[in-house]
Amino acid sequence: MFNNLIFIILFMLGFYALVMKTNLIKNVIGLNLMEAAVFFWVISFSDIGGEVSIHKLGEEVTKFNDPVPQALTLTGIVIGASTAALLLTLIMELNKFSGTIDRDQLEELND
Amino acid sequence: MEIPTETQPEVEILNKLMKKTLISGVLIGVAFALYHNFALMPEYQGLNEGLSNYILKSGLNDTGSLNLITAVLYDYRAFDSLGESTVIFGAVSGIVLILSRKMLPVSSKGLSFIVKRTLGIMTPFIALFGFYVITHGHLTPGGGFQGGVILAAISIIFSIVYGSAFDYRRYSPQTKTALETGGALTFLGLGLAGILMEGAFLHNLGFLTAETGTLISAGSIPYINIGVGFKVGAGLAIIFYSMIQKTFEEDF
């Protein structure tokens with residue numbers, strides 16, 4: 001049950017940073033924190049105390065962990081890294097054109 | 001009579017406080033709902049039935065890959081991995097498009113002589129480890145994505161220790177682009193070979209299968225790993241160099 005609690009705390013921290021912080025880089029950090037929470041939960045959920053799901057030559061392993069959530073998590077990590085890089089690039093360009101990365105100040109610029 | 005155009009600072013502070021309290025209340029409510037949802041969820045059944053059970057039972061016979069996670073990634077769900085590498089390709093293309101400039105990436109002159117010599121001794125071993133992780137993806141933990149990140153780390157360490165012009169002169173962006181495209185084309189070519197030889201896109205190539213546990217086994221999985229490794233390594237290096245190349249434009 002601890003993994004559920006830690007997942008909720010991490011996810012809510014990330015959501016708070018995404019909603020409340022006005023600095024755009026902190027928003028990206030919040031998004032990544034939410035992603036990390038989901039990955040942590042998927043991996044910890046599928047851990048039943050077995051071995052890593054890799055066969056060993058000449059040795060019979062009776063209890064494996066589930067390989068499917070681990071493969072899915074690998075996919076998710078790569079996608080998360082790509083989206084974070086793209087978001088940070090857009091923020092860099094925004095800073096170059098408007099001189100600020102604060103959401104409130106950007107709204108004032110819009111007025 | 002004048003209408004006040006700006007709100008009072010006290011009112012603004014109060015507004016902010018109210019907003020914060022409201023959001024915190026909503027977050028706590030959502031957290032509570034999530035916690036109750038977890039209490040309602042059934043126990044984990046994944047290994048007793050269905051897909052996971054099938055992969056654990058017959059994954060080794062189907063693919064010849066000792067590492068079942070790699071078997072899932074590059075055999076059962078290889079189409080999904082192709083989409084994943086397309087996402088990396090899209091991210092790299094977008095970043096290069098946004099940050100495209102004709103400047104040379106000079107932002108530092110490097111660290112001291114001792115650090116440079118030490119890294120010069122260590123670099124071949126880091127590269128060897130990266131290639132090991134890539135090529136043994138079907139036998140031990142690792143694979144194309146993980147090894148590719150190690151290869152990209154070499155490029156990043158070069159730019160920190162030797163100054164950012166060094167890596168640019170050694171491996172030009174054209175080389176990296178060629179490596180990335182080559183990796184993607186390797187993946188696609190193996191998929192088309194799967195159509196021609198076995199009748200399905202990205203089907204594992206049976207005639208490449210050798211004795212289980214050797215380096216050249218598991219059909220086309222090692223070759224896909226090599227392609228993905230070069231693609232990821234070159235892609236991440238391109239992203240890094242696009243991001244650092246904005247500040248300076250003087251000669252080197």
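## A tour of chains A and B

Start with chain B on its own: among its contacts between residues at least 6 apart in sequence, 72% join residues at least 24 apart. Keep in mind along the way that this is a predicted model.

**Stop 1: chain B as a whole.** Colour chain B by secondary structure and you should find nine helices and zero strands. Following the chain from the N terminus, the elements read α-α-α-α-α-α-α-α-α. If you shade by burial, buried residues account for 34% of the 252 residues in chain B.

**Stop 2: the two domains.** Now select residues 1-41 of chain B, which form domain 1, and then residues 66-244, which form domain 2. How far apart are the centres of domain 1 and domain 2 of chain B? Taken over C-alpha atoms, the centres are separated by 45 Å.

**Stop 3: one valine in H5.** Stay in chain B and pick helix H5, residues 113-135, where you will meet Val115(B). Is Val115(B) buried, exposed or partly exposed? A residue is buried with 20 or more other C-beta atoms within 10 Å and exposed with 12 or fewer; Val115(B) has 13 C-beta neighbours inside 10 Å, so it counts as partly exposed. Next, draw a distance from Val115(B) to Leu82(B): the two are 33 residues apart in sequence, and their C-alpha atoms are 39 Å apart in space.

**Stop 4: where the chains meet.** Bring chain A back into view and select the contact, with 31 residues from chain A and 36 residues from chain B. On the side of chain A that touches chain B, helix H1 (2-20) and helix H3 (67-98) each supply at least two residues. H3(A) gives the most to that side, with 14 residues. Colour this side of chain A by class and you get 21 nonpolar, eight polar and two charged residues.

**Stop 5: H3 against H3.** Finally, zoom in on H3(A) together with helix H3 of chain B, residues 68-76. The axes of these helices come within 9 Å and cross at roughly 60°. H3(A) and H3(B) are therefore oblique to each other, and their crossing is right-handed.

Show the side chains here. From H3(A), select Pro67(A), Val68(A), Gln70(A), Ala71(A) and Leu74(A); they meet Leu68(B), Ile69(B), Val72(B) and Leu73(B) in H3(B). How do the residues of this contact between H3(A) and H3(B) divide by class? Eight are nonpolar, one is polar and none is charged.

Conventions:
Residues are numbered from 1 along each chain as its sequence is written. Chains are lettered from A and ligands numbered from 1 in the order in which they are written. This is a predicted model: local features need pLDDT of at least 70, side-chain atom pairs count only at pLDDT 80 or more; totals for chains, interfaces and linings use all residues. Two residues are in contact if their C-beta atoms, placed from the backbone, lie within 7 Å. Helices (H or I, at least four residues) and strands (E, at least two) are DSSP runs, numbered from the N terminus. Ala, Val, Leu, Ile, Met, Phe, Trp, Tyr, Cys and Pro count as nonpolar, Asp, Glu, Lys and Arg as charged, and the others, Gly among them, as polar. Axes are lines fitted to C-alpha atoms, for helices over the stretch in contact, and angles run from 0 to 180 degrees between N-to-C directions. Angles under 35 degrees count as roughly parallel, over 145 as roughly antiparallel, 65 to 115 as roughly perpendicular and the rest as oblique. A crossing is left-handed if the near helix is turned anticlockwise from the far one by less than a right angle, and right-handed if clockwise. Domain bounds come from an automatic or database domain assignment.
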